[in-house]
Amino acid sequence: MTEAALKISGLSKSFDKPVIADLDLEVAAGELYALLGPNGAGKTTTLRMVTGLTRPDSGSIHIFGIDALADPLAAKAVTAWLPDEPMLYDKLTPSEYLGFVAGLWRIPPADAAPEAERLLKWLELWDSRDTRCETFSRGMKQKVALAGALIHRPRLLILDEPLTGLDATMARAVKDALREAVDKGATIVVTTHILEVAERLADRIGIIGGGKLLAEGTLDELRTQAGPDQMTLEDAFIKLTQAPR
Amino acid sequence: MRRLRPGGFAWLVVHELRLAMRSRRRSRRGLWIGVALLAVFTCVGIMAGLGLRDVPIEGGPAVYTGALAISILLVSFMTTQALLRSQHTLYESGDLDLLLSAPLEPRTILLAKLCGIAGSVVISFTLLVLPIAVPVAALGHPGLFGIPALLAALSLASACLGLAIMIGVVALAGPRAARTFGQVIGALLAGSVFLISQLLSNAGHGRNSGAMSLFNWLREHQIGAGGVGALPGRAALGDPIAALLLFGGAILIFAATGYLFGRSFLSSYQKARMRLTRHRAATGAVARHFRTGLFASMFAKEWRLLVRDPALAFQIVLRLIYLAPLALAAFGHGRGPPLLPALAFASVIIAGQLVGSFAWLAVSAEDAPDLLNVAPIARKQVNRAKLASAMAMAAPFGLILPLALALTSPLGALVTLAMTAAGGAAAGLIEIKWQKPAPRKTFRRRRSGSLVAGILTIFATAFFGGIAALAVWVITAVGL
């Protein structure tokens, strides 16, 4: 049996009230997993716990077998995080930003520079590589952040609403980039409000609500779980998240 | 505001003044401090008024020259403030889009903005001057009621001058340069007068303040004793014709600015909106931006972020202005044994301030903290790299006074250097320990975020500075 890219067991987190309650989740290596849920369902909190930005109250997180709570640095070394608000420095250019990120992940310049060049060209940022990010549109900033997330060749890529605010062309480019990353062996966990993205891109979909995993499976499996007359993911999503718990 | 015609000039002016007042609104604590200061000023004014009640205040060549010197200094301050307000109006206020999209004449908007700029400028000086001037005037010197008229005239003229300079810079050098120019002027505001007065003092004018130096120069050249130069003094002492002439002149300048710059104001704003950003042609490979090691990456990032923010860089480097009198004394005629401990002490204090500032930018004002949190590096290592970056950026400045000391006492210089490094490191560590996330643009107000850090930095640097001063004093006393 192949090792799970991400394994979450009994994860719980409360702020003023419980946000995540005893959550179990497993994502196989090489899979694109979409985590869906209504606003306030706990998607971002879950992902922030996986990336080490928020400490869970209880439970365990394993990334490729590494205990992310016991050895966070080893887990972070193979993980990339791309939130909906890009983690950028406006006064740096894309090349400089990638240089900085590569430094944080301690990628030798001889490896990082060619990879940066490839990413900048692939994401159509090459002609803007020496322009400061402050001048960029939201879509371009998101692409720079994506390049930053990919520069250290993460095995697990975690994205929180990566398509927020992007126009159709940019959104297509990002979706293609994600699919290509998976095809090259990466594992992706993505949250999105755009159900069409999950429908078209994801290998498996998890629906979270009230801090619990409500349903999980392929698109067909979710349709089946929702009921025989549910034809679209949107129908299944509404039915599953509105069902009494 | 309700009684004014909506969209009219007066209505717009009241709107601008309301914005100017609200932009000054501070916290409740700040408000109480302001009220307390105002009360103290007023008390000082009342005491001065009582003390001067039977003392005649009369005009004369020396008084008029003095009033002219003060007016020139006030105009320089006011124009600088007006430049800043103009820059804010053109680049940051964000309400010009709304105003210019309304069916209003651009010239009307410009004139209302000018009144707003003049109003915001005059508020500062009114709060400083009137609590003292009005009691003195009310307690036996009614002629001094001319001071508010003088202030109003000076502020109006300064507002016009500030906006004209800003529009001129936009026209000549483009909006990017104008924005940077405005930011740098703002940063220079605090230090320029100090520096100029120090330079004047060291240029053979004795140990006088800038105002006194200017006064002496005007008197030597017989400027301000009579004629047009005496108008500010006459107006301040209640000469109605002088006040009328000055205020009328300011109104004329105001009208002329509206007439001359009505069109260019609109185009400056349009340019400011359109061409603030610069697309640099991409050149060469990206490999030059990749470095080995965390410190190198961190230093490169912090350095770039600093030098690409001229306003911030100037604010920090301006602290070096306080080196000026010490440096002038150290390298010039004032060198001598009693000065050396003071130099050693100052070296540590200045380095502590600089490292503390750089460390605050690197730690508290980190733009992407989550990026560092998700990177596979321990927080300690990140902090260490940031502290090292802050110290490396401050190092060239921290060497200045030890080098000056080395001319007289090499051993004292070594001790000072060590204590400067220790003081800088302590200041940086305090910033790291008491870090509080804040945007970079709040640099000037960073101490309100962590008062403890500020106080501890002062104590720590004073401690190391004291050791340095004591050691240098002993070294020079025993002749080592």
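In the class counts used here, Ala, Val, Leu, Ile, Met, Phe, Trp, Tyr, Cys and Pro are nonpolar, Asp, Glu, Lys and Arg are charged, and the others, Gly among them, are polar. The model on display is predicted.

**Stop 1: the largest cavity**

Select A:A80, A:W81, A:L82, A:M87, A:Y97, A:W105, A:A145, A:G148, A:A149 and A:H152, and add B:L371 and B:V374; these residues line the largest cavity. The lining comprises 10 nonpolar and two polar residues, with no charged residue. The volume of this cavity is about 70 Å³. To see the elements involved, colour β6 (79-82) and α5 (138-150) of chain A and α15 (369-374) of chain B, each of which supplies at least two residues of the lining. In total, three cavities of 30 Å³ or more are found.

**Stop 2: the second largest cavity**

Next, select A:L92, A:E96, A:G99 and A:F100 with B:H289, B:R291, B:S297, B:A300, B:K301 and B:R304, which line the second largest cavity. Two elements, α3 of chain A and α11 (294-307) of chain B, give two or more residues each to this lining. The largest share, four residues, is that of α11(B). About 60 Å³ of space lies inside. Here the lining includes four charged residues, alongside three nonpolar and three polar ones.

**Stop 3: the interface of chains A and B**

Now display both chains together. Contact involves 40 residues of chain A and 35 residues of chain B. The two chains bury about 3500 Å² between them, and 64% of that area is on carbon and sulfur atoms. On the chain A side, select A:Y89, A:L104 and A:D130: they lose the most area to chain B, together 18% of what that side buries.

Keep A:D130 selected and add B:R288. These residues form a salt bridge, with their closest N and O atoms 3.4 Å apart. The count of salt bridges between the two chains is four, and eight residue pairs are in polar contact across the interface. Along chain A, α2 (72-77), α3 (94-104) and α4 (109-122) give two or more residues to the side that touches chain B. The largest share, 10 residues, comes from α3(A). By class, this side has 22 nonpolar, eight polar and 10 charged residues.

**Stop 4: the second largest pocket**

Finally, select B:I70, B:V129, B:A133, B:I147 and B:A236, the residues nearest the centre of the second largest pocket among the 23 that line it. Its volume is about 590 Å³. Show α3 (61-92), α5 (106-138), α6 (146-173) and α9 (231-236) of chain B, each supplying at least two lining residues. The lining of this pocket has 20 nonpolar and three polar residues and no charged ones.

Conventions:
Residues are numbered from 1 along each chain as its sequence is written. Chains are lettered from A and ligands numbered from 1 in the order in which they are written. This is a predicted model: local features need pLDDT of at least 70, side-chain atom pairs count only at pLDDT 80 or more; totals for chains, interfaces and linings use all residues. Side-chain values use heavy atoms; hydrogens and water are left out. On a 1 Å grid over the protein atoms alone, a cavity is a set of points where a 1.4 Å probe fits but cannot get out, and a pocket is an open set with protein on both sides within 12 Å along at least five of seven lines; lining residues have an atom within 4 Å of a point. Grid points are joined across faces, edges and corners, and a volume is the space filled by probe spheres set on the points. Contact means heavy atoms within 4.5 Å. Buried area is the accessible area (1.4 Å probe) that two parts lose on being put together, summed over both. A salt bridge is a side-chain nitrogen of Lys or Arg within 4 Å of a carboxyl oxygen of Asp or Glu. A polar contact is a pair of N or O atoms within 3.5 Å; within protein, one must be able to donate a hydrogen and the other to accept it, and residues adjacent in sequence count only if both atoms are side-chain atoms.
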